[in-house]
Amino acid sequence: MFLDTANITEIEAILPFQWLSGVTTNPTLLAKEKGKTRAIISREILSLLDENQRLFIQATGETQAELYEDAQTILSKDARIAIKIPADQNGFCVMAQLKQERPDVEILATAIFSVEQSYLAALAGCDWVAPYVNRMANQGLHATRIISDTATLFKQLGVPTKILGASFKNTAQITETLIAGATDVTISADLVEVMMANKLATDSIQTFQLHAKGGRI
Ligand code: G3P
């Protein structure tokens, strides 16, 4: 599981549970951390992660050259950084170029809304594709069908590309995504809390506490 945030407090709160394989960010999440640059936020997050946990940072740029340059800048900072590249025409080219030049660099194709994009990202050598589940649902797309078709296709092709589900607005979307064939998910801190705080469970636990203290049955 990855945490989808650029907020240090949220990361610090979830890290002790030891679920996290790392943290995913995007330009929107970074912009929410007002007054801090991408470089500062990245340094702060990396200081909390161990050597096996990854930090995903998204490269941006209007042209292929800008996107490639930004990816190189991001990757030069720390070996635990994996690069997110948007799955569009410029992005597909940059993914392939980066993989060819630096096979060890881990690449996630982001902003995935179709099996076709995932197929092209896998051909470019990406390590992960990130389907945007809730944004698909908002457009009437059948996200779990797209994810299970992607998983089937990757298996048939024998490619090692993994599916990292992203963009969730409720917990059912998360479990459906995993059951459909995603190997990983990235979740907001709010939804991780919802997953932990099952109302029926907390009511039962509270009653047990009361009885353990000698409360009346
Ligand atoms: O990781 C991508 C994800 O952050 C997009 O999520 O919630 O903005 O649709 P959302």
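A polar contact is a pair of N or O atoms within 3.5 Å. The exercises below apply to a predicted model.

**Exercise 1.** Determine which residues surround the ligand and how the shell divides by class.

*Solution.* Step 1: the residues around the ligand are Asp4, Asn26, Lys84, Tyr132, Arg135, Ala166, Ser167 and Lys169. Step 2: sorted by class, this shell holds 4 charged, 2 polar and 2 nonpolar residues. Step 3: as to location, the ligand takes up the space of the largest pocket.

**Exercise 2.** Establish how far the polar side-chain atoms of Arg135 and Ser167 and an N or O atom in the side chain of Asp4 lie from an oxygen atom of the ligand.

*Solution.* Step 1: for Asp4, the distance from a side-chain N or O atom to a ligand oxygen is 2.5 Å. Step 2: for Arg135, a polar side-chain atom is 2.6 Å from an oxygen atom of the ligand. Step 3: for Ser167, the corresponding distance is 2.7 Å. Step 4: the ligand taken alone exposes 310 Å², of which the protein buries 83%.

**Exercise 3.** Count the aromatic pairs and classify the pair formed by Phe17 and Trp19 and that formed by Phe113 and Tyr132.

*Solution.* Step 1: the count comes to 4 aromatic pairs. Step 2: Phe17 and Trp19 have ring centres 4.9 Å apart and planes at 10 degrees. Planes under 30 degrees apart count as stacked, so this pair is stacked. Step 3: Phe17 is partly exposed, because its relative accessibility is 40%; Trp19 is likewise partly exposed, with a relative accessible area of 36%. Step 4: the ring centres of Phe113 and Tyr132 are 5.6 Å apart and the planes stand at 65 degrees, so the pair is edge-to-face. Tyr132 is also one of the residues around the ligand.

Technical notes:
Residues are numbered from 1 along each chain as its sequence is written. This is a predicted model: local features need pLDDT of at least 70, side-chain atom pairs count only at pLDDT 80 or more; totals for chains, interfaces and linings use all residues. Side-chain values use heavy atoms; hydrogens and water are left out. A residue is near a molecule or strand if one of its heavy atoms lies within 4 Å of it. A polar contact is a pair of N or O atoms within 3.5 Å; within protein, one must be able to donate a hydrogen and the other to accept it, and residues adjacent in sequence count only if both atoms are side-chain atoms. Accessible areas come from the Shrake-Rupley method with a 1.4 Å probe; for residues, only the protein chains shown count as cover. On a 1 Å grid over the protein atoms alone, a cavity is a set of points where a 1.4 Å probe fits but cannot get out, and a pocket is an open set with protein on both sides within 12 Å along at least five of seven lines; lining residues have an atom within 4 Å of a point. A molecule sits in a cavity or pocket if more than half of its atoms lie within 2 Å of its grid points. Ala, Val, Leu, Ile, Met, Phe, Trp, Tyr, Cys and Pro count as nonpolar, Asp, Glu, Lys and Arg as charged, and the others, Gly among them, as polar. Rings of Phe, Tyr and Trp (its six-membered ring) pair if their centres lie within 6.5 Å; planes under 30 degrees apart count as stacked, over 60 as edge-to-face and the rest as tilted. Buried means under 20% relative accessible area, exposed over 50%, partly exposed in between (1.4 Å probe, protein chains only).
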